[in-house]
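Student: Could you walk me through this one? I'd like to take it step by step.
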Amino acid sequence: MSRINTDFRGIIMFRRDYRERDLLVKVLTDKIGPAMFFVKGAKKRGFRLAADILPFTHGEYIGLLANDGLSFINAASDTAQYRNIATDIRKNAYSTYILALVDSAFPDGQGIGGWFDQVATALKLINQGLDEQVISNVIETQLLIRFGVSPTWDRCVICGRDDIPLDFSEQSGGMLCQNHWYLDERRMHLDPRSVYYLQRFSTLNLQKLNSIKINPSTKRRIQFVLDTLYDNEVGLNLKSKRFIHQMGKWEEKLKK
Ligand SMILES: [Zn+2]
């Protein structure tokens with residue numbers, strides 16, 4: 001890519017101190033996916049782009065984009081922070097996790113197609129108050145394929161049937177119909193509702209979602225399936241994920 005100023009849309013993923021006065025800012029861009037930006041003088045008081053590079057800020061930027069090495073931001077417009085994400089610990093934790101997942105799933109400096117809009121919409125919905133766990137589950141389900149794991153969600157992996165009860169089998173890499181449950185005695189024993197949601201999540205366009213409500217026990221089962229896949233098949237061990245897990249334990253304690 002030539003070193004000329006380019007317009008791009010961006011979401012600030014995280015920032016890191018660099019030297020005394022400068023910052024490295026990781027931005028999810030619509031043009032080249034995740035990219036690291038060097039922002040000179042960013043820690044000086046009165047820095048003109050200070051508000052534009054706060055965590056969980058999104059907007060239009062102009063800068064020099066590099067496919068490898070550091071990129072540069074020169075100007076910003078129409079930026080806004082996802083306020084509720086920045087201030088609410090649960091929303092913050094799940095949004096941080098979504099961005100970390102995306103950062104792991106895509107190499108820096110390459111296009112990510114429709115994923116920019118899907119992530120921007122996920123954060124917008126979490127900011128608006130939709131269930132952050134469910135939104136994360138949708139992203140988790142759809143990113144599996146990026147990590148080389150592509151479960152068959154919609155039908156039995158053996159015979160293709162989808163008209164009788166299905167259950168998820170990790171060992172088989174997808175659903176088994178009732179007739180083939182005998183093949184995996186360690187199948188997940190999911191209820192039809194959890195199966196239904198996993199199937200929907202795998203193809204859901206978040207931009208068409210207005211509301212979603214799933215009961216706690218179904219959410220636990222869905223999360224169990226996704227955690228199993230991410231732990232065993234993908235093998236990711238993200239700090240942000242461990243934090244969510246820890247947060248769940250605190251909440252359990254508080255209930256008691
Ligand atoms: Zn079957």
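Tutor: Sure, a definition to begin with: buried means under 20% relative accessible area, exposed means over 50%, and partly exposed lies in between (1.4 Å probe, protein chains only). Keep in mind that this is a predicted model, where local features need pLDDT of at least 70, side-chain atom pairs count only at pLDDT 80 or more, and totals for chains, interfaces and linings use all residues. Residues are numbered from 1 along each chain as its sequence is written, and side-chain values use heavy atoms, leaving out hydrogens and water.

Student: Why does Asn84 count as partly exposed?
Tutor: Partly exposed is the range between under 20% and over 50%. Asn84 falls in that class because its relative accessibility is 38%.

Student: Which backbone oxygen does the side chain of Asn84 reach?
Tutor: Asn84 sits in helix H1, residues 83–87. Leaving aside residues up to four places away in sequence, Asn84 touches Lys91 and Asn127, where contact means heavy atoms within 4.5 Å. At 2.8 Å, its side chain reaches the backbone oxygen of Asn127.

Student: Which residues coordinate the zinc ion?
Tutor: Donors are N, O and S atoms within 2.8 Å of the metal (3.2 Å for Na, K and Ca), and water is not among the atoms, so sites may look incomplete. Here the distances run from 2.1 to 2.3 Å, and the residues are Cys156 (SG), Cys159 (SG), Cys177 (SG) and His180 (ND1).

Student: Is His180 buried or exposed?
Tutor: Its relative accessible area is 15%, and the cut-off for buried is under 20%. Therefore His180 is buried.

Methods: Helices (H or I, at least four residues) and strands (E, at least two) are DSSP runs, numbered from the N terminus. A polar contact is a pair of N or O atoms within 3.5 Å; within protein, one must be able to donate a hydrogen and the other to accept it, and residues adjacent in sequence count only if both atoms are side-chain atoms.
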